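Trainee: Could you take me through one part of this model in close detail? I would like to see how a single helix sits, and then whatever else you find worth a look.

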Amino acid sequence: MNTLKNLQQYAGKRKILFPLSMITSAISALAGMAPFIFIWLIVKELFETGGVISPSGNINTYAWWTAGSAIGSVILYFATLMCSHLAAFRVESNLRREAMRKIVRMPLGFFDNNTSGRIRKIIDENAGITHGFLAHQMPDLAATILIPVVALVLIFAFDWQLGLACMIPVVASMILMMSMMGGKSQQFMKTYMTSLEEMNTEAVEYVRGIPVVKVFQQTIFSFKNFHKCIMNYNEMVIRYTLSWEKPMSAYTVAINSFIFVLAPAAILLIGNTGDFAGILLNFFLFVLVTPVFSQSIMRSMYLQQAFGQASEAIGRLDKLTGFNLIPVASNPKPVEKFDICFDKVFFSYPEAMQNAVDDVSFIIPQGKAVALVGASGSGKTTIARLVPRFWDANRGQVIIGGINVKDIDPKELMKHVSFVFQNTKLFKTTLLENIKYGNPDATIDEVDRAIDMAQCREIIDKQPLGLNTKIGTEGTYLSGGEQQRIVLARAILKNAPIVVLDEATAFADPENEHLIHQALAELTKGKTVLMIAHRLTSITDADNILVINKGKIAEQGTHKELINKQGIYNNMWNEYQQSVRWTIGKEAAHD
């Protein structure tokens with residue numbers, strides 16, 4: 001019942017359509033039962049008149065009532081479906097809208113743990129599942145309960161002895177169905193939907209990575225995870241289907257065997273009572289009515305299955321959107337200065353066994369640049385992402401301009417911080433619109449200035465439509481370095497006083513790297529900068545360099561100071577220089 005309440009709250013003003021659809025469904029079901037009674041009355045009158053249709057008889061009347069009740073049942077059921085579909089569409093659209101409203105308010109770290117394929121699958125398909133349940137299965141609930149009760153009253157009212165006989169296979173089939181629809185079915189539904197999510201996620205990742213896969217000729221290897229998900233799903237469904245083979249066969253035999261019990265019972269009653277006409281007439285009615293139980297049992301099975309799916313769908317939507325939102329201070333404080341301070345900061349990812357950031361303290365004075373270096377997985381990116389509140393620190397404080405970032409309105413925080421990551425993101429729209437995401441109100445002169453500062457004028461000039469050139473599908477594709485420069489133009493146009501750079505030149509070729517460094521120099525001029533870089537030559541001019549090891553600050557100082565310490569940074573620098581010389585030597589050898 002909680003599932004129904006949860007779904008109804010998304011129906012808005014159309015909530016009244018749910019009970020209305022169930023009422024019309026119940027009346028439709030009763031109207032659908034009426035022809036059986038009228039047909040029985042027609043046969044009864046034929047028995048009484050010896051098969052002669054009298055002009056003054058009621059047969060014509062009964063025939064018209066039979067046709068009218070059948071047509072009325074169809075019309076009422078159409079009204080039922082119209083009401084249920086209108087309500088279901090509203091619920092589905094509101095579910096999607098509410099889910100997306102919550103998603104856009106999630107901390108940016110949420111998207112590290114949830115792929116776009118998984119998010120799309122959970123929102124789109126689970127909302128669709130609730131639509132199917134509300135539009136088709138839920139209106140049948142009233143009829144599924146009401147029809148067996150009416151049929152039971154009818155058969156026992158006409159002949160309780162034949163009624164007992166025809167109930168034997170019905171009861172047996174109900175027991176079989178209940179055993180099949182037990183806890184195993186609910187557990188399967190959870191496993192089934194989880195498997196669909198995994199397949200969808202792997203499919204999206206595989207399709208997106210096809211260009212890389214083909215370049216490195218790793219088709220079979222990269223397809224392995226996707227293929228494994230498909231085969232696991234296939235094995236699970238086959239195993240579950242086979243487990244239904246014998247019970248379902250037994251159910252089918254039982255529910256359709258009522259005639260084999262009913263006929264001998266009728267013969268015995270005729271022999272004992274001698275009432276051939278009366279018992280035969282009741283036998284005819286029971287043959288018409290008893291299959292109603294079969295339909296009701298099957299409806300109840302589909303209803304329970306659909307209800308289980310809808311419950312699981314709502315649960316998964318709630319779990320996805322139940323991620324802790326960024327707390328917003330009741331009295332947010334304005335930011336007037338832009339120095340950054342980490343004060344004894346601790347942070348661990350959800351369900352992680354150890355801290356990703358462990359007692360980290362440092363200061364970036366306004367207008368200065370601090371670089372983070374260290375091995376992969378040391379915690380550099382995590383530290384950088386605590387500034388724009390991808391996550392909130394578990395202990396300690398991240399402070400901007402003397403104010404804890406938790407006391408700054410998230411919108412204002414985002415306004416003051418620009419961040420550029422190694423994985424660039426351009427939207428499938430024009431270059432102009434992509435750049436203006438940094439400042440939608442910017443003038444064309446401001447856009448042109450950002451383009452020149454980001455060293456991407458030649459990218460624009462070589463496009464047939466210039467800034468109106470579309471990116472992606474049905475448009476132009478840019479190289480990784482070109483995309484990075486467009487993203488830098490976007491960040492320059494935003495002109496935020498704090499800049500976070502995470503491996504901004506990681507995948508750039510030498511030519512683009514040089515241009516990107518020029519763009520970065522423009523972007524960071526006079527700004528408070530926190531940067532991460534594996535290419536140590538790009539941070540030698542940083543005001544302070546922090547060497548991160550296992551979430552802690554192992555060393556810090558300027559480039560020259562750290563070299564003189566002969567510690568971790570010095571070893572990293574020597575290894576980096578050797579790798580550069582090795583690369584040059586190898587290329588020269590090939591030449």
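Mentor: Let's start with helix H18, residues 444–453, where Val447, Ala450, Ile451 and Met453 are buried. Helices here are DSSP runs of H or I with at least four residues, strands are runs of E with at least two, and both are numbered from the N terminus; buried means under 20% relative accessible area, exposed over 50%, and partly exposed in between, with a 1.4 Å probe and protein chains only. Because the buried residues cover an arc of only 165 degrees around the axis, they lie on the same side of H18; the arc is taken from the directions from the helix axis to the C-beta atoms. Asp445 and Arg449, on the other side of H18, are exposed. After H18 comes Gln455, with a positive phi near 60 degrees.

A word on the basis: this is a predicted model, with local features needing pLDDT of at least 70 and side-chain atom pairs counting only at pLDDT 80 or more, while totals for chains, interfaces and linings use all residues. Residues are numbered from 1 along each chain as its sequence is written, and side-chain values use heavy atoms, leaving out hydrogens and water.

Now to Pro139, in the loop between helix H5 (116–137) and helix H6 (140–158). Pro139 counts as buried because its relative accessibility is 0%. Its C-alpha is 5.8 Å from that of Ser21, although 118 residues separate the two in sequence. Not counting residues up to four places away in sequence, Pro139 touches several residues, including Ser21, Met22, Ser25 and Thr80; contact means heavy atoms within 4.5 Å.

Thr80 also touches Thr24, a residue of helix H2 (residues 17–49). Thr24 is buried too, because its relative accessibility is 12%.
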